[in-house]
Protein chains: 2
Amino acid sequence: MSPIAKIKTDGSTEEKIKDAARKLFMQKGFEATKTRDIANEAGINLALLNYYFRSKEKLFEIIVKENMGQFMEIISNIVNNEKTTIQDKVEALVANYIDMLTQFPDMPLFIMNSIKVDPERIKIRQRFSGSYFMKQINEAIKAGKIAPMNPMNIMLNIVGLTIFPFVARPMFLNKGGITIEEFGTLMQERKKLIPGWIKSMLEAKK
Amino acid sequence: MSPIAKIKTDGSTEEKIKDAARKLFMQKGFEATKTRDIANEAGINLALLNYYFRSKEKLFEIIVKENMGQFMEIISNIVNNEKTTIQDKVEALVANYIDMLTQFPDMPLFIMNSIKVDPERIKIRQRFSGSYFMKQINEAIKAGKIAPMNPMNIMLNIVGLTIFPFVARPMFLNKGGITIEEFGTLMQERKKLIPGWIKSMLEAKK
DNA sequence: GTCTATAATTCGATAGAC
DNA sequence: GTCTATCGAATTATAGAC
């Protein structure tokens with residue numbers, strides 16, 4: 001089981017600290033999260049944080065790496081499946097991301113910020129470009145089955161349509177906006193709509 | 001002229017501080033930006049920051065407000081024009097955003113983070129939902145001219161397709177990725193592509 | 001492993017001279 | 001208006017007892 005998916009922990013002190021850190025880092029970012037907050041949230045003593053993780057920075061690196069791993073794992077499995085069609089993969093990507101982000105809505109902004117601070121941290125792009133999915137796309141373009149375009153657009157559109165609403169989520173939930181439940185419903189609707197939109201994009205003749 | 005568009009300043013100390021603050025806050029966020037960094041960047045003394053702006057927080061609020069203003073101004077003018085069609089508005093929104101973000105690529109992440117910390121800061125959503133644009137959309141849906149759907153999806157798709165690449169930009173520019181120039185070219189291509197994609201979305205029958 | 005107490009540093013802000 | 005010097009609070013990290 002991937003680290004972030006495990007809500008219930010084994011109750012060890014180390015896990016308690018990591019869970020608290022994950023929650024707070026995602027909510028407020030690295031700088032705004034204080035070691036004291038993490039200790040309080042975890043219900044442990046401040047000194048234990050350094051005992052287990054040596055420093056706030058090291059703890060942060062661990063959390064980031066685990067989140068990245070979660071993100072990449074989803075992508076890799078779907079994108080390198082040689083038995084599914086392009087459209088199957090789009091549906092799977094969209095559905096999996098929306099399900100994960102519904103559970104951890106702060107993740108996209110957290111990851112984007114982490115990448116900005118240290119761009120070497122992640123290789124999502126490479127994960128896409130070297131994939132079987134991209135091979136399928138390129139062949140389909142060559143065969144004239146989908147509109148000719150820079151394949152990066154396809155990746156940007158799938159990910160953008162899926163993830164952006166979660167990045168913009170705080171904008172919707174403020175006073176006078178929609179409720180968390182309504183937002184969730186909208187995302188479930190989009191789970192079905194996005195693949196159709198992508199399909200019509202791929203088919204569009206210019 | 002809107003504040004953020006003015007790169008060349010009048011050279012006053014106040015402007016020098018604001019320019020330095022704008023640059024650093026956008027690059028690194030509020031917490032990670034130190035008042036000493038701002039003073040250095042501006043080439044002035046640390047004490048002057050407080051002399052002009054009283055506190056780091058107040059300075060930040062000013063920068064955020066100016067950026068938000070820039071964003072909203074673009075939207076409002078386009079979205080409330082009663083003489084243009086839906087498709088005209090989509091083209092104008094996409095083109096204006098891409099041009100602005102090409103100049104200030106850090107802005108989306110900065111604004112998203114600012115909204116997350118204080119969701120009351122911005123009313124982009126209301127700007128959309130009360131607009132003439134939305135009236136046109138709703139009428140077109142009623143008339144059966146575009147596919148029936150929650151209009152929020154249309155807004156999310158326009159903004160998501162346009163802005164998301166800039167949020168994800170750091171991911172593309174790292175080692176082994178594409179150059180800044182190639183990214184710029186890709187965005188210019190998207191300026192032409194996105195309106196077509198939106199069009200086919202609106203027309204798609206389910 | 002866990003705690004208390006504290007060292008060491010950083011940072012925002014201000015006092016006061018010019 | 002601008003600078004130097006410094007205060008005071010907050011924060012990370014550690015020493016040392018249990």
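A polar side-chain atom of Thr35(B) sits 2.6 Å from a phosphate oxygen of DNA strand C, a polar contact in the sense used here (a pair of N or O atoms within 3.5 Å; within protein, one must be able to donate a hydrogen and the other to accept it, and residues adjacent in sequence count only if both atoms are side-chain atoms). This is a predicted model, in which local features need pLDDT of at least 70 and side-chain atom pairs count only at pLDDT 80 or more, while totals for chains, interfaces and linings use all residues. Residues are numbered from 1 along each chain as its sequence is written, chains are lettered from A and ligands numbered from 1 in the order in which they are written, and side-chain values use heavy atoms, with hydrogens and water left out.

Let us stay with the DNA. Lys56(B) also meets a phosphate oxygen of DNA strand C, here through a backbone N or O atom at 2.8 Å. Arg36(B), by contrast, places a polar side-chain atom 2.9 Å from a base nitrogen of DNA strand C. Helices H2 (35-42) and H3 (46-53) of chain B, together with helix H3 (46-53) of chain A, are the elements that give two or more residues to the surface near the strand; helices here are DSSP runs (H or I, at least four residues), numbered from the N terminus. H3(A) gives the most, with four residues.

Around DNA strand C there are 16 residues, and Asn45(A), Tyr52(A), Thr35(B), Arg36(B) and Lys56(B) come nearest; a residue counts as near if one of its heavy atoms lies within 4 Å of the strand. Of the atoms of DNA strand C that come within 4 Å of the protein, sugar and phosphate account for 62%.

Now turn to where the two chains meet. Chain A and chain B each bring 48 residues to the contact (heavy atoms within 4.5 Å). About 4,400 Å² is buried between them, 68% of it from carbon and sulfur atoms; buried area is the accessible area (1.4 Å probe) that two parts lose on being put together, summed over both. In chain A, Lys116(A), Phe164(A) and Met171(A) lose the most area to chain B, together 17% of what that side buries.

Lys116(A) has a further role to look at: a salt bridge with Asp106(B), the closest N and O atoms being 3.6 Å apart. The rule (a side-chain nitrogen of Lys or Arg within 4 Å of a carboxyl oxygen of Asp or Glu) finds two salt bridges across this interface.
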